[in-house]
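I opened the model to look up a few strands, a helix, a loop and some overall numbers. My entries follow in the order I made them.

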Amino acid sequence: MTAALVLHGGAGIWPEDLREEAGAAIERCADAGWAAMAAGPLEAVTAAVRALEDEPLFNAGIGACLTSDGTIEHDAGVMVGSNLAAGAVGSVLGPRHPVEAARAVMEQTRHVLLVGEGAMRFCRASGIEMAAPAMFFTDRRRQGLITSDTVGAVAVDANGRTTVAVSTGGYTGKMPGRLGDSPLVGAGFYADDAVGATCATGTGEGFMRLVLSRQVRDIIAAGASPQEAVERALEMLTTRMGMTGGIIAVGRDGSVGHAHTTDHMPVAVRGGGS
């Protein structure tokens, strides 16, 4: 087995003039995650997604897309494959790094998903770093120059321990209060040390209906490689839902997979086998 880390910066429409910038940004985030791998795969994916949330080009944290009311609502989730522990937050605005709020739900509560004002109360009580809402807005999002969706990271260490973290602003023009697949276990993310970890990006309603991240897990468990699994899952998304998206995955042995059926999806890989 070998350690591996895979990041994506969101499947969607990426203007040609932004692809080089997005590629450089996701490589920086991969470096941040890989530097934390010595502390374990959970630290690696947390560090990677924190960095992605700090990059204004991506649809998470700073630079998240706007709802139909012109507001921002963040969703995030994490999962650990050793014991299937998971945590997530939805429809929040204020946590400086939503992925840290999701991790706190996993580590400090008996719940999996907290949303809205209840999630905000928990974040404040738990000492999660908060920020003024204004810092998350960018001119690029206000002008609708980018329509990418979600960021995420999956990791496995040399002992086969798997983790996943995901963060998003949803999609431009969504109704306030809408939750997509990103904070939902099995739809937007999944980790299981017996198999691997996976993370999805795209129009969440399709991933939710198919419980697609769990589907990837099951395809790998049946003997497919992570690459074969993500390609087959995306084919299912197209055939059954008529939708496009992207998926990244790692197997417990360090093998990796990533694919997209959208215009573009920035990806970075560290470590990994075939």
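I began with strand β7, residues 189-192, in this predicted model. I wanted to know which residues sit on each of its faces. F189 and A191 are on one side, and Y190 and D192 are on the other. I found all four buried, so both faces of β7 are covered, and the buried label here means under 20% relative accessible area.

Next I looked for the pairing partner of β7. It is strand β8, residues 196-202, and the two run antiparallel over 4 bridges. I picked out one of the pairs: Y190 has T198 in β8 as its bridge partner. The connection from β7 to β8 is a hairpin through 3 residues.

I moved to strand β5, residues 151-156. How many of its residues are buried? I noted 6 of 6. V151, A153 and A155 point one way. G152, V154 and V156 point the other way, and these are buried as well.

Then I checked the neighbours of β5. Strand β1, residues 4-8, is joined to β5 by 5 bridges, antiparallel. Within that pairing, A4 has V156 as its bridge partner. Strand β6, residues 162-168, is also antiparallel to β5, with 6 bridges. There I saw V151 opposite S167. β5 and β6 make a hairpin, and 5 residues lie between them. I looked at the turn too: G160 has a positive phi of about 80°.

My next entry is on helix α3, residues 98-108. It is mostly covered, with 8 of its 11 residues buried. I listed the buried ones: P98, V99, A101, A102, R103, A104, V105 and M106. R103 is on that list, alongside A102 and A104. I kept the helix rule in mind while reading the list: an α-helix has 3.6 residues a turn, so residues three or four places apart point the same way.

What covers the buried residues of α3? I found two helices among the covering elements, α2 (41-54) and α4. The strands I noted there include β2 (74-80), β3 (85-92), β4 (113-115) and β6. I had already met β6 as the hairpin partner of β5.

After the covered parts I went to a loop residue. G127 lies between α4 (116-125) and α5 (139-142). Is G127 buried or exposed? It counts as exposed because its relative accessibility is 61%, and the cut-off for exposed is over 50%. I also took the C-alpha distance from G127 to M1, which is 37 Å. The two residues are 126 apart along the chain.

Last, I collected the overall numbers. The secondary structure comes to 8 helices and 11 strands. The radius of gyration is 16 Å, and a compact globule of 274 residues would be near 19 Å, which agrees. The C-alpha atoms fill a box of roughly 45 × 40 × 35 Å along the principal axes. Buried residues make up 59% of the 274.

I took the contacts next. Of those with a separation of 6 or more, 70% are between residues 24 or more positions apart. The exposed area is about 10100 Å², and carbon and sulfur atoms supply 51% of it. I finished with charges: 21 positive and 30 negative, with their mean positions 5 Å apart.

Note on methods
Residues are numbered from 1 along each chain as its sequence is written. This is a predicted model: local features need pLDDT of at least 70, side-chain atom pairs count only at pLDDT 80 or more; totals for chains, interfaces and linings use all residues. Side-chain values use heavy atoms; hydrogens and water are left out. The radius of gyration is taken over C-alpha atoms; the globule rule is 2.2 Å times the number of residues to the power 0.38. Buried means under 20% relative accessible area, exposed over 50%, partly exposed in between (1.4 Å probe, protein chains only). Contact means heavy atoms within 4.5 Å. Accessible areas come from the Shrake-Rupley method with a 1.4 Å probe; for residues, only the protein chains shown count as cover. Lys and Arg count as positive and Asp and Glu as negative; His and the chain ends are not counted. The place of a charge is taken as NZ of Lys, CZ of Arg, CG of Asp or CD of Glu. Two strands pair if DSSP finds at least two bridges between them.
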